[in-house]
Each structure stands twice: as C-alpha cells, then as structure tokens.
Amino acid sequence: MTKPVVIVGASMGGLRVAEALRRFGYTGPITAIGDEPYAPYNRPPLSKEVLAKEVSHEAVAFAQRPATEDVNWVLGTRVVSADLEHKTVTDSNGDTHAYSALIAATGLRPKRLQVPNGDLAGRHAVRTLDDAIGLRAALVPGARVVILGAGFIGCEVAATARKLGCEVTVVAPGVHPIVRPLGVELAKEIQRRHEAEGVRFLMKTTITDLIGTARVEGVQLDSGEQLDCNVLVEAIGSHANTEWLEGTDVDITDGILTDNAMRAIRTDGTVHEDVFAIGDVARFANPIFDEVARRVEHWNIPTDTAKRVGQVLGAKLNSAENWPSVLDEQFAPVPSFWSDQFEMHILAFGLLALADEVKLIHGEIDGDCVFGYYRAGTMVGVCGIGLRSTVQGYRAAIGSLAS
Amino acid sequence: MTIKIDVDMTKCQHYGQCVFEAPNIFRLNNDDKLEYTAEADDSERANVEAAIDVCPMQAIFIVE
C-alpha cells in the first residue's frame, strides 16, 4: 500500500497544503492529523468580527473543495512524537502513522502568564475557536476586562470588547501599543484613537500576580497598584508547537528551520528531503529581505508556504522532470496582514519591524494615512490606516526586492 | 466555458487581498471598495480559486 503524505496540523496551512498537493498533480493518499476537534477554520475573525457577533464553527469553517474530499482527517488527536529515520509519527492515542513525506503545520499556541496565584477561572487566550467561544461569553456589557499585551491581537480584542460595552484596560510593558512593528508615531496615534473610544492603557507595566480565590477578581501590577477585573485576556505572544519533533535531528531552535523549498533543516545544516514545514511554525529566509531565517506570523504565510510545498513535493512525488528546476525557483512571498480596530482599517505589506526609518508618506496622521518603512534607505514595508489602494500600490516594489 | 463569480458583500470588508491573485477580476475603486467582474473565462478559474483562498472573510465563491 502506498504510504500517505502525513500533514501534522489541521488548520489553514494543513488544508491549503492538501489542496496544493492535488493542484500540483499528487493523487495519492493524504492524512491530516490535528489536535482541535474542528475541521479547518479561519482564525482572523476570532478576534474581530466573529468575536463581536456569535462564535460558531459554521461561521468560520473553510469551504472544502472536491479535490480534497478524500483527505483522511484525524481530528481531536495530537501528534506527540516523530521517528524521522523510520518515517513514522505517533499520536496521542498511541497510533503510529507511516508517511512517504511529512509536512509540519503545527502552528503556534499562546504564551500564558506565569504567576503564583494563576489557577483561577476568568483567564482567556485568543487563538482557537474554543478560546473565542469562551471569551465571547465573558464579554458582556459592564464586564471589567484587563488585556495583557498591546500587540495586534490585544488591540483588536480591546476594540471589540469596548464596542460590546465592556470597561477595557490594556496593560503592557511597551511604550505604546504595537510599537515594535509600527514605529512610535503610528503607534501613538493608534493609542490616541483607542483612548478616544474609552480604552485605558497602562503602558510600561506588567502583571505580577492575580487576585481572587476561584475566579479572577483583579490583577496586581508591578507599579504596586491593583486593578479590579473579572475578565483577563492574555495576548502576550506565542510559542511554536515543535515539542513533537524533540529528539529528532531537525533544527527547532525557534520554530522549524527550513530551506527556500520549505524542507526541514537538520542541526548539522543538511536538508531533509521528505520533511517540510509551513505556516507560522516555519522559519525561513525570504530573499526579499536578506538571508536571515525568520518565523512570520502573517495571514498569507500559511497559504503561500503551502503552495510552495505543493509545488516542490508534488513534482518530487510525480518524479517530474522539472523537479530540479522547481527547487531552484526562488520563493519570496510578500508578507501581508491587516487589522481592524474601531474605525481603523489597517493594511500592511512587508516586514515593518526590520525598518530603521519610518516616514509618513501619504495623508495626515490623525486621518487616513500611509507610512513607509525603510532599512538603509530601501522600503521593506508599508502600512496604512485606510487608503488601501495606495498601500497596495507599494506591494510590488517590496516584492521586487527579491530579484 | 465561463465561470460565474459571487462575492458576499455583507461579508466583504474590502481588504483587497483578492486583487493580487486575480487582478482581471477584482479591483478596489477610488473609494477603496471592492469591485469585481461577475463572469469570466474558465481560464481565470485558478486565479479566482487563489483569491478565494486568500480572502480574509471567505466571502468569494464560484457559482457552479
């Protein structure tokens, strides 16, 4: 019997790579193993539109195409280990799955606050559908919500909670919200617009402990101040889910290191021919920017890296004659993301955090505006509030840096 | 052969991600609102499917 291609992870990346394998001509068996009980669904609305309405799997499930109808989805099951020598993975039920090729699409999980009095109800993360269902139920009018972390997700949840009638305080160690990728000027303006809507920010502050016996009743701040709350949202970044590859020779220093064909790289620098990584968990160099391998947690990355694996692995499994030339093709996806917060529609391309210079290039800071992000004088990113067509106009220039 | 394209405008948030995948079908107008061509040659199918994949709101459909 032909061994299947095994995809570990059944979220967007897992679905997209199954589709891509079919599109590039692979007709053999595919097994996708995912720890959540749900078929692949769309995460971004979970901190935005969907959180503001009713959260259900139906509202966010991806449509599935005929080409992937025969994929064997093993859901509610976590892969716990891999034996890359014998080409098997073992799941949480103790079942072993042999593979012809292995695709890691295990993504991230939220970092959680570690405090002495941490074992309380009322703590929330924002990643999965179940997280969103739990948080939605807690965001009732008048709820006192503390959000730890002022990145994109923290700010999106702040805006959504405020619109739902909650009292919202954002606690974060930085100087301004989202300041690391966006730069001070735009970050300050985003903070100003949040404050105008009634969100309170306690910046340069962290939470040292929680107050309460069974439920969260407040937070202890490092300033000595205490803050009452009955909902705590933790939006403090993510861990890459790579524990299942511990004990193998894959470089999992920060996510899974891959080459430009998304093939996993061993700690000795050599390449696994039949182990791939895609999406948030993959760390790869993008020729647009430089030779530094990075994990990129942006919307288009699961889809673009899945296509790349479909192209490479599809050609390999079909013993296609163009196989070597497929490998030599340059993979240089332009990072793309957006964020909705109150009336702000933020759209960005590139890697803003690489910039050493940020300039307002269109509009006015207190209205619709576009900022350019430059490294050594070359544009590496663009970000706008509104003015989407203008922002889009810079995408090609950023992408062309690869050639 | 032609394909029919439908966008659920109650879902669409005009993010414009589709524009790059199928530029012959989707565009943002001067008000940054999405406009699209509802019928196209079958040769556009792959591009439209790519646009469906990248739509943050999953609001694009091919009507079979």
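## The A–B interface

Put chain B and chain A together and they bury about 1800 Å², 45% of it on carbon and sulfur atoms (accessible area lost with a 1.4 Å probe, summed over both parts). On the chain B side, B:Tyr15, B:Phe20 and B:Asp53 lose the most area, together 36% of what that side buries. This is a predicted model, where local features need pLDDT of at least 70 and side-chain atom pairs pLDDT 80 or more, while totals for chains, interfaces and linings use all residues. Residues are numbered from 1 along each chain as its sequence is written, chains are lettered from A in the order written, and side-chain values use heavy atoms, without hydrogens and water.

The contact (heavy atoms within 4.5 Å) takes 22 residues from chain A and 20 from chain B.

## Salt bridges

Four salt bridges link the two chains (a Lys or Arg side-chain nitrogen within 4 Å of an Asp or Glu carboxyl oxygen). One of them pairs A:Arg16 with B:Asp53, whose closest N and O atoms sit 3.2 Å apart.

## Cavities

What about the empty space? The structure holds two cavities of 30 Å³ or more. Here a cavity is a set of points on a 1 Å grid over the protein atoms alone where a 1.4 Å probe fits but cannot get out, with lining residues having an atom within 4 Å of a point; volume is the space filled by probe spheres set on the points, which are joined across faces, edges and corners.

The largest has a volume of about 100 Å³. Of its 13 lining residues, B:Cys12, B:Tyr15, B:Gly16, B:Cys18 and B:Cys55 are closest to the centre. The second largest, about 40 Å³, has A:Phe284, A:Arg294 and A:Leu351 among its lining residues.

Notes:
Buried area = accessible area lost by both parts, 1.4 Å probe. 1 Å grid on protein atoms, 1.4 Å probe; cavity = no way out; pocket = protein on both sides within 12 Å on 5 of 7 lines; lining within 4 Å.
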